[in-house]
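Reader: I'd like to learn how to read a model like this one, feature by feature. Can you walk me through it?

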Amino acid sequence: MLPTAAENEAPSTVQVLQPSGWPMPKGYANGMAADGRIVVTGGVIGWDAEERLADGFVGQVGQTLRNIAAILAEAGARPEHLVRLTWYVVDMDEYMANLKELGKIYRTIFGAHYPAMALVQVVRLVEKAARVEIEATAVVPR
């Protein structure tokens with residue numbers, strides 16, 4: 001279980017950057033600003049501690065997000081400290097076809113905090129059976 005905001009005395013200093021007059025993005029932020037200690041992950045995929053990949057694209061996304069949350073927790077960070085996610089997918093159509101389910105999984109794990117994000121389709125990932133890899137950057141308040 002991830003710590004709640006009440007369990008951590010330091011408030012988040014993450015600020016969403018939304019230029020005046022721009023339409024509100026859905027599921028991401030145009031930009032983020034933050035002050036604190038930077039926490040970054042490598043490319044994280046949807047496998048467990050025994051390096052078994054979850055079944056299917058949606059399952060792999062869920063496990064990938066849980067893995068990122070676990071890495072953040074090691075640094076005392078929480079999902080609301082995220083300022084950037086870069087998603088690498090092997091099939092953009094697979095991502096687009098699962099938006100509703102992905103949104104539910106995302107909110108279950110990370111809540112309603114949407115950092116700046118990029119989504120990139122790649123030919124393949126290092127692990128041949130991996131469908132998604134995500135890099136995360138968080139800033140923990142000092």
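Author: Sure, and let's start with a term: a residue is called buried under 20% relative accessible area and exposed over 50%, with partly exposed in between. Keep in mind that this is a predicted model.

Reader: Okay, let's use that on a helix. Which exposed residues does α3 carry on the face turned away from its buried side?

Author: Those are Lys-100, Lys-104 and Thr-108.

Reader: And which residues of α3 are buried?

Author: Leu-102, Gly-103, Ile-105, Tyr-106, Ile-109 and Phe-110. Looking down the axis of α3, you'd find the buried residues within an arc of 170 degrees, so they line one face of the helix.

Reader: How far does α3 reach from its first C-alpha to its last?

Author: It spans 16 Å with 12 residues, close to the 16 Å expected at 1.5 Å a residue.

Reader: Next up, rings. How many aromatic pairs does the structure hold?

Author: Three. The idea is to check the distance between ring centres and then the angle between planes, where over 60 degrees counts as edge-to-face. Take Trp-87 and Tyr-95: the ring centres are 5.7 Å apart and the planes sit at 80 degrees, so this pair is edge-to-face. Both Trp-87 and Tyr-95 are buried.

Reader: What about Tyr-106 and Phe-110, what sort of aromatic pair do they form?

Author: Edge-to-face again, with 5.2 Å centre to centre and 85 degrees between the planes. Tyr-106 and Phe-110 are four residues apart in helix α3, which spans residues 99–110, so about one helical turn separates them.

Reader: Tyr-106 was on your buried list. Why does it count as buried?

Author: Because its relative accessibility is 4%. Phe-110 is buried too, with a relative accessible area of 5%. There's one more ring to add here: ring pairs link Tyr-106, Phe-110 and Tyr-114 into a cluster.

Reader: Let's do pockets. What's the general idea?

Author: Rolling a probe the size of a water molecule over the atoms shows where empty space is left. In this model the largest pocket has about 340 Å³ of space.

Reader: Which residues lie nearest the centre of the largest pocket?

Author: Of the 14 residues that line the largest pocket, Lys-26, Gly-27, Tyr-95, Leu-99 and Met-117 are nearest its centre. You've met Tyr-95 already, as the ring paired with Trp-87.

Reader: Where does the largest share of that lining come from?

Author: From α3, with five residues. Both α3 and β6, residues 116–121, supply at least two residues each to the lining of the largest pocket.

Reader: And how do the residues of that lining divide by character?

Author: Into 10 nonpolar, two polar and two charged.

Reader: Now backbone angles. What is there to see in the phi of Glu-51?

Author: Here you look at the sign of phi and at the residue type. Phi of Glu-51 is near 60 degrees, a positive value in a residue other than glycine. Glu-51 sits in the loop between β4 (44–45) and α1 (56–74). At 55% relative accessibility, Glu-51 is exposed.

Reader: Last one: how do I compare separation in sequence with separation in space?

Author: Put the two numbers side by side for a pair. Leu-85 and Ala-136 are 51 residues apart in sequence, with C-alpha atoms 4.6 Å apart in space. Leu-85 belongs to strand β5, residues 82–89, and it counts as buried at 0% relative accessibility. Now try Glu-51 and Lys-104: they are 53 residues apart in sequence and 25 Å apart in space, C-alpha to C-alpha.

Reader: What about Glu-74 and Tyr-28, how far apart are they in space?

Author: They're 24 Å apart, C-alpha to C-alpha, with their positions 46 residues apart in sequence. Glu-74 lies in helix α1 and is exposed, with a relative accessible area of 73%.

Key: Residues are numbered from 1 along each chain as its sequence is written. This is a predicted model: local features need pLDDT of at least 70, side-chain atom pairs count only at pLDDT 80 or more; totals for chains, interfaces and linings use all residues. Side-chain values use heavy atoms; hydrogens and water are left out. Rings of Phe, Tyr and Trp (its six-membered ring) pair if their centres lie within 6.5 Å; planes under 30 degrees apart count as stacked, over 60 as edge-to-face and the rest as tilted. Buried means under 20% relative accessible area, exposed over 50%, partly exposed in between (1.4 Å probe, protein chains only). On a 1 Å grid over the protein atoms alone, a cavity is a set of points where a 1.4 Å probe fits but cannot get out, and a pocket is an open set with protein on both sides within 12 Å along at least five of seven lines; lining residues have an atom within 4 Å of a point. Grid points are joined across faces, edges and corners, and a volume is the space filled by probe spheres set on the points. Ala, Val, Leu, Ile, Met, Phe, Trp, Tyr, Cys and Pro count as nonpolar, Asp, Glu, Lys and Arg as charged, and the others, Gly among them, as polar. The expected span of a helix is 1.5 Å times one less than its number of residues. The arc is that of the directions from the helix axis to the C-beta atoms.
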